[in-house]
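Work through these exercises with the sequence and the 3D view side by side. Try each task before you read its solution.

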Amino acid sequence: MMNKGMAVILLVAAFHIQAQEATDDSDLPQWTIDRITPLHDRVSRWVSNTSRNIDGFFGTDDHLNTSNKSYIRLSQEFQWEEGEGFSADPGIRFKLDLPTTEERLRLIIESDPEETQGTLAEQGSQRLRNDDRDPGNTVIGLSRLSGKDWARNWDTKFGAGVKFRLPLDPYLRFDAERLWQLGDGPWQLASENRVSWFNSDGYFARTRWDFGRPLDDVRHLRFVTNVQWQEEEDTLEFSETAAVHQVLGRRSVIRYAAVVVGNSASNPRINDYYLQTLYRRNLHRNILYADLIPELHFHRDTNFDPRWGVTLRLEMFFQGDVVRR
């Protein structure tokens, strides 16, 4: 156990030292930059042109001047967990944002909606973000926006559409968000809530409460509560997270977290405790990112014996708004 723990610590340290050596806005050698920049610009222009052309067809003449949040994200994860072995998972995620379709009415095309991401136990560590799930999870729909400031009023959205599969799978969705400043102090409380219905999967409900404050200029403390219910699972799940986020530099951040995941309301039981460190590095000009995530789990299935895990994730983003680099 000590050897595995030291290996994880050394891996984190090596990653951090390598990142500290870079002095500009990229950690990549020039020959790599020369290869990936043309490819990135071509794909980004395609994302931008496609989303704006569709937006212009359904929307207004403002589509050329309105900020567009469409993107494609390619990812590759390398995972190892004690007792489970090694795995490598590629992934792709996209979102087509059409902001001018109509005033307060937005057409959304996205892969991997929240309702398809599994139970809290499956998604709780936030490292299993491989997006190569069923392509039939892609949804297209309209979302009605309230246009309210969530720091002053509840910001609500009502949406409807279909999931791309045969036969087509219609859905309805309602979101509500609110942010409170607690008194004159630094504490803030955010609430994000969703209720939805998919014809094939039934009802889904989730509420997330995020309570936090800055500790200083580079650190932020957060306590996050998630409660989720899915008709297919038919059990109430919950997770509690205490985390400190720290900015290490202009292109690096780290998060230290302790998480508890459980289920049931009438007879609560804890299924997993884990400690996690997530180090994220902007490797190249907001295009290429790397995450290093060591974890120590205490699963009920293994009688709460400690089990190490580590994930290395690489991500490349192709944004709808193309910025010359």
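How many aromatic pairs does the structure hold? The structure holds seven aromatic pairs. Rings of Phe, Tyr and Trp (its six-membered ring) pair if their centres lie within 6.5 Å; planes under 30 degrees apart count as stacked, over 60 as edge-to-face and the rest as tilted.

Before going on, note the ground rules. This is a predicted model, where local features need pLDDT of at least 70 and side-chain atom pairs count only at pLDDT 80 or more, while totals for chains, interfaces and linings use all residues. Residues are numbered from 1 along each chain as its sequence is written, and side-chain values use heavy atoms, with hydrogens and water left out.

**Exercise 1. Classify two ring pairs.**

Task: describe the pair Tyr171 and Phe198, then the pair Trp180 and Trp209.

Solution.
- Step 1. Recall that a pair of aromatic rings is described by the distance of the centres and the angle of the planes.
- Step 2. Tyr171 and Phe198 are 5.0 Å apart, centre to centre, with 20 degrees between the planes, and the pair is stacked.
- Step 3. Place them in the chain: Tyr171 is in strand 6 and Phe198 in strand 7 (residues 188–198), 27 residues apart. Strands (E, at least two residues) and helices (H or I, at least four) are DSSP runs, numbered from the N terminus.
- Step 4. Check the cover: Tyr171 and Phe198 are both buried. Buried means under 20% relative accessible area, exposed over 50%, partly exposed in between (1.4 Å probe, protein chains only).
- Step 5. Turn to Trp180 and Trp209: their ring centres are 6.0 Å apart and their planes lie at 5 degrees, so this pair is stacked.
- Step 6. Trp180 belongs to strand 6 and Trp209 to strand 8 (residues 202–214), 29 residues apart.
- Step 7. Trp180 has a relative accessible area of 25%, so Trp180 is partly exposed. Trp209 is partly exposed because its value is 33%.
- Step 8. Add Trp154: together with Trp180 and Trp209 it forms one aromatic cluster.

**Exercise 2. Trace the salt bridges.**

Task: how many salt bridges does the structure hold, and which parts does the pair Asp27 and Arg251 tie together?

Solution.
- Step 1. Side chains of opposite charge can pair when their charged atoms come close. The cut-off: a side-chain nitrogen of Lys or Arg within 4 Å of a carboxyl oxygen of Asp or Glu.
- Step 2. The count is 14 salt bridges.
- Step 3. Asp27 and Arg251 meet at 3.0 Å, N to O. Asp27 sits in the loop between helix 1 (2–20) and helix 2, and Arg251 in the loop between strand 10 (236–249) and strand 11 (252–263), so the pair ties together parts 224 residues apart in sequence. Both Asp27 and Arg251 are buried.
- Step 4. Compare Arg73 and Glu315, at 3.6 Å, N to O. Arg73 lies in strand 1 (residues 71–81) and Glu315 in strand 14, so this bridge joins parts 242 residues apart in sequence. Arg73 counts as buried because its relative accessibility is 5%. Glu315 is buried too, at 1%.
- Step 5. Arg313 and Glu77 meet at 3.0 Å, N to O. Arg313 is in strand 14 and Glu77 in strand 1, 236 residues apart. Both Arg313 and Glu77 are buried.
- Step 6. Now join the pieces: Arg73, Glu77, Arg280, Asp291, Arg313 and Glu315 are linked in a network of salt bridges.

**Exercise 3. Find the core.**

Task: which residues make up the largest nonpolar core?

Solution.
- Step 1. Learn the rule: a nonpolar core is a set of buried Ala, Val, Leu, Ile, Met, Phe, Trp, Tyr and Cys residues joined through side-chain atoms within 4.5 Å.
- Step 2. The largest core has nine residues: Ile36, Val47, Ile72, Leu283, Ile287, Leu288, Ala290, Met316 and Phe318.
- Step 3. Helix 2 (30–58), strand 13 (288–299) and strand 14 (306–319) each supply at least two of these residues.
- Step 4. Apart from this core lies another, of six residues, including Leu120, Val259, Val261 and Tyr274.
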